[in-house]
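Please read the points below alongside the sequence and the coordinates. They are arranged by region and by kind of feature, and each one can be checked on its own.

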Amino acid sequence: MIKTILITGATDGIGLETSKLLASQGHNILLHGRNAAKLENATVQVQGVEGVGNVETYLADLSNLKDVEKFADEVVANHTSLDVLINNAGIFRTSSPITEDGFDVRFVVNTVAPYLLTKRLLPLLGGQGRVVNLSSAAQAPVNIAALKGEVRVGDEFSAYAQSKLAITMWTQKLARDLGIDGPMLVAVNPGSMLGSKMVTEGFGVSGGDIGIGADILARASLSDEFADASGKYYDNDSHRFAAPHSEAANGAKVDAVVEAIESLI
């Protein structure tokens with residue numbers, strides 16, 4: 001069955017590779033990017049895939065929550081249903097770590113923006129859709145004050161790792177809160193040190209086969225293997241569902257993280 005799939009951060013790396021893989025299966029692909037020229041280039045590549053369905057583009061800066069809301073409104077205006085949302089967009093190293101609103105950009109782009117986008121698109125996803133959230137093997141205890149922009153995280157890797165645990169936390173809580181009335185929500189570590197721009201910029205290495213990440217995101221989006229995975233964390237380094245950082249088992253901390261995110265949106 002042909003699916004309609006929205007992929008954020010689809011202009012390069014795992015996002016673009018996943019878009020092309022899903023396009024080759026005949027699905028309708030909704031591409032998101034924050035750079036118009038890169039989005040146009042990605043569109044040409046995806047449209048050139050044999051068998052692809054319809055391709056749409058959405059330009060939005062996920063570090064700006066008003067832009068995220070506009071982005072969601074545009075998707076809702078164009079569609080009555082959505083089969084899959086892949087929250088792939090992410091940021092690690094940047095020369096501008098603080099947003100115009102005074103928040104750490106890693107938390108905003110990697111944690112808060114996908115939460116807001118998911119919440120706004122829930123009516124389109126319904127009980128049969130899927131939400132695939134990009135987590136990471138890099139996870140660290142979340143500083144609530146840092147998430148809310150009240151203090152700074154001095155180390156960029158720490159900010160990234162905290163943001164990835166935070167998205168894993170809200171994945172499990174939203175899945176639990178929505179139950180059978182909501183989509184399947186799963187957090188996925190697509191694989192460590194794959195050859196994405198983020199890895200190259202962050203660690204100065206070319207990284208591994210990016211197709212590994214694309215394959216697991218496609219499986220999480222469509223395969224029966226993930227049909228009952230709601231609220232879980234999949235670690236593609238170990239090729240299995242696994243426990244995330246131990247702090248995710250602290251219900252009170254999970255609730256506090258989601259409350260903080262809600263206060264920001």
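1. On terms, before the loops are discussed: helices (H or I, at least four residues) and strands (E, at least two) are taken as DSSP runs and are numbered from the N terminus. The model under discussion is a predicted one, and local features are reported for it where pLDDT is at least 70.

2. With those element names in hand, H239 can be placed in the loop between β7 (233-235) and β8 (240-242). The phi angle of H239 is near 60°, a positive value in a residue other than glycine, and a colleague checking backbone geometry may wish to look at this residue. H239 has a relative accessible area of 57%, and because the cut-off for exposed is over 50%, H239 is classed as exposed.

3. The loop between β7 and β8 also holds N236. Is N236 buried or exposed? Its relative accessibility is 6%, and since buried means under 20%, N236 counts as buried. A polar atom of the N236 side chain lies 2.9 Å from the backbone oxygen of P190, so that this distance falls within the 3.5 Å limit used for a polar contact.

4. Two charged side chains are placed over aromatic rings. K232 lies over the face of F241, at 5.3 Å from the ring centre, while R93 lies over the face of F92, with 5.9 Å to the ring centre. For R93, a reader who applies another cut-off should note that the limit used here is 6 Å from the ring centre.

5. F92 comes up again among the aromatic residues, where it forms one cluster together with F157 and Y160. How many aromatic pairs are there by the rule applied to ring centres? The count comes to seven.

6. Turning to enclosed space, the count of cavities of 30 Å³ or more comes to one, and the volume of the largest cavity is about 40 Å³. Its lining consists of T8, L62, N87, A89, V109, A113, P114 and L117. By class, six of these lining residues are nonpolar and two are polar, with no charged residues. Helix α4 (residues 105-125) supplies the largest share of this lining, namely four residues.

7. The second largest pocket holds about 280 Å³ of space. It is lined by 17 residues, of which Q128, G129, R130, M184 and A227 are the closest to the pocket centre. The lining of the second largest pocket is made up, by class, of six nonpolar, seven polar and four charged residues. Anyone comparing these classes with another scheme should bear in mind that glycine is counted here as polar.

8. Near the start of the list of helices, L22 belongs to helix α1 (residues 13-23), and at 0% relative accessibility L22 counts as buried. The C-alpha atoms of L22 and V46 are 9.4 Å apart in space, with their positions 24 residues apart in sequence. G26 is found in the loop between α1 and β2 (28-33), and at 12% relative accessibility G26 also falls in the buried class. From G26 to N54, which is 28 residues apart from it along the chain, the C-alpha separation is 8.8 Å.

9. S136 sits in the loop between β5 (130-134) and α5 (144-147), and its relative accessible area of 10% makes it buried. Which distance separates the C-alpha atoms of S136 and P244? These two residues are 108 residues apart along the chain, and their C-alpha atoms are separated by 9.3 Å.

10. The last point concerns G208, whose place is in the loop between α7 (197-203) and α8 (211-222). At 36% relative accessibility G208 counts as partly exposed, because that class covers the values between the 20% limit for buried and the 50% limit for exposed. G208 and S163 are 45 residues apart in sequence, and their C-alpha atoms are 23 Å apart in space.

Definitions and conventions. Residues numbered from 1 in each chain as written. Predicted model: local features only at pLDDT ≥ 70, side-chain atom pairs only at ≥ 80, totals over all residues. Heavy atoms only, no water. Phe/Tyr/Trp six-rings, centres within 6.5 Å; stacked < 30°, edge-to-face > 60°. Lys NZ or Arg CZ within 6 Å of the ring centre and 35° of its normal. 1 Å grid on protein atoms, 1.4 Å probe; cavity = no way out; pocket = protein on both sides within 12 Å on 5 of 7 lines; lining within 4 Å. Points joined across faces, edges and corners; volume = space filled by probe spheres on them. Buried < 20%, exposed > 50% of the residue type's maximum accessible area, 1.4 Å probe, protein only. Polar contact = N/O pair within 3.5 Å; in protein donor to acceptor, adjacent residues only side chain to side chain.
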